[in-house]
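Student: Please show me how to read burial and salt bridges in a model.
Tutor: Start from the sequence and the structure.

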Amino acid sequence: MTFWRKFLNMDRRIMWGAMFLIVAAVLLRPIGLPMQIGSTTEKFYDFVEDIPRGSIVWVEAGFGAGNLPEVGPQIRTFLIQAYRRDLRLIMSSTGVEGSQLGQEMFEDIKSQFFPDLEYGVDFLNVGYRPGTMIYARALADDVMSATGGVDIFGRSLADFPLASEVPRLHGDYVAVLAHFVGHDPPPDEWFAAVGQPGNIPIISGTPQMAVPQFIPFLEAGIIKANIPGMRGAAEYESLVGVLGSATAGQDVTSSMVLFITILVIMANVGYILTRKDTSS
Amino acid sequence: MTQWQIIVAGLVTLGLYTYLWKDNPIYRTIEHAFVGFYTAYAVAMVYHNQVKPAVLNDLIRDGEAIVLIPLILGAMIYLRYLPQLSWVSRYPMSFWLGYGAGFVISYQIQPLIQQIRASFIPINSVNSFLIVVGILTTLMYFFFTWTVKDPVTHYGSKIGRYFIIVALGATFGNTVIFRVGLLMGRMQFLLFDLLRIGN
């Protein structure tokens, strides 16, 4: 059997093993490949920088544990940039896990960087609610009614000063809607229910898988800026000046892309060569 | 996370990865446990964030009787488990679909129009040329109303097919990178948190 035939019939477990070894090796000994900041991420960073100090930003944390390696660093860095600019954040979630993960991130950021932040004054988490578009539309009408009047811990929103400043999700009260999601839902639902009628600009952070789905919305101006996947998260960390897990993962992503590209090229070459053998 | 939580999470992660070798009872057990835990978590979240505030606050405390309507409609869905009364569950379902359709038609037109408007761009660069050609030829590919015989639509649809292939390729590539990100997240956990190597 020729080399190419052996390669094409290779046990897939060898490939999994190689992938594990490459990821582990690069994580333990980073190569330090250069990274250029993409215009999309830079636009997101600039957009947040231009939000007037003290403004309220509504954060939709519609992601879950499955998107955490990519969206986690994005939202974490966003919280840091936002609090450096004295912004105040209200977090909602239409993903089951998003509200709790978002709350943990706030606690983490607070303990590490901003110990003076106060829950209810600088940050408020209104918890998880199902029914994305209908929920978003309900928020646009009346936040108290849409959220059941309670936060993630079941405490009355009336007890928190931040809640009283946003009677409804509208541009009069909220400067920006920051939309961090997994692959679904796309931002058109929030745009249709809240962004367009309430005149609220939308910015977003997405996993790499959702980037092709989000680009048309970015091109059409439905979202103003987007952080694309792990790469975007690493660029964003670099812009904000807080190096985290996304930056550490950049070498891994590049190495794996190189590895997979080599495999795809070799598989195609092998297929063409062995096809000739078979036909002859 | 406590040390015990890290150890359990690490063992569960490794147990799930054993599937890459071959299907086995450890993987199966963890998979079933995951589905069970996740379902329980989701039910608890919906109860605490949605049902409880609606019943305790809106209905009992504030006396908003209108909350009874969605509660009854919601309960009616479960009648599908009773064969003799399963027909009742169709009413909330039809209400739900009707409401959803009306809602989407009312609000979803605007983003669609905005996307169509954004495709009307001046052809002053290679990118804008590709966008316009890509949109037109892809639309031609999905033109099934009658058999196309004129050369413009015929060859246009063939070109459109290549644009679709490129778009699908891009989506596949992004999916691969996304999966790499997931693997990396788990490896970071296993190496740095569980084994405490590096970092």
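Student: Which residues are buried in H6(A)?
Tutor: Buried means under 20% relative accessible area, exposed over 50%, and partly exposed in between (1.4 Å probe, protein chains only). Helices (H or I, at least four residues) and strands (E, at least two) are DSSP runs, numbered from the N terminus. In H6(A), the buried residues are Thr132(A), Met133(A), Tyr135(A), Ala136(A), Arg137(A), Leu139(A) and Ala140(A). That is 7 of the 10 residues of helix H6 (residues 132-141) of chain A, which is mostly covered. This is a predicted model: local features need pLDDT of at least 70, side-chain atom pairs count only at pLDDT 80 or more, and totals for chains, interfaces and linings use all residues. Residues are numbered from 1 along each chain as its sequence is written, chains are lettered from A and ligands numbered from 1 in the order written, and side-chain values use heavy atoms, leaving out hydrogens and water.

Student: How many salt bridges does a search of the whole structure find?
Tutor: A salt bridge is a side-chain nitrogen of Lys or Arg within 4 Å of a carboxyl oxygen of Asp or Glu. The search finds 11 over all chains. One of them joins Asp86(A) and Arg53(A) at 3.2 Å, N to O. Asp86(A) lies in the loop between helix H4 (68-84) and E2 of chain A, and Arg53(A) in the loop between helix H3 (39-49) and E1, so the pair ties together parts 33 residues apart in sequence.

Student: Is Arg137(A) buried or exposed?
Tutor: Arg137(A) is buried, at 15% relative accessible area. Its side chain meets that of Asp141(A) in a salt bridge.
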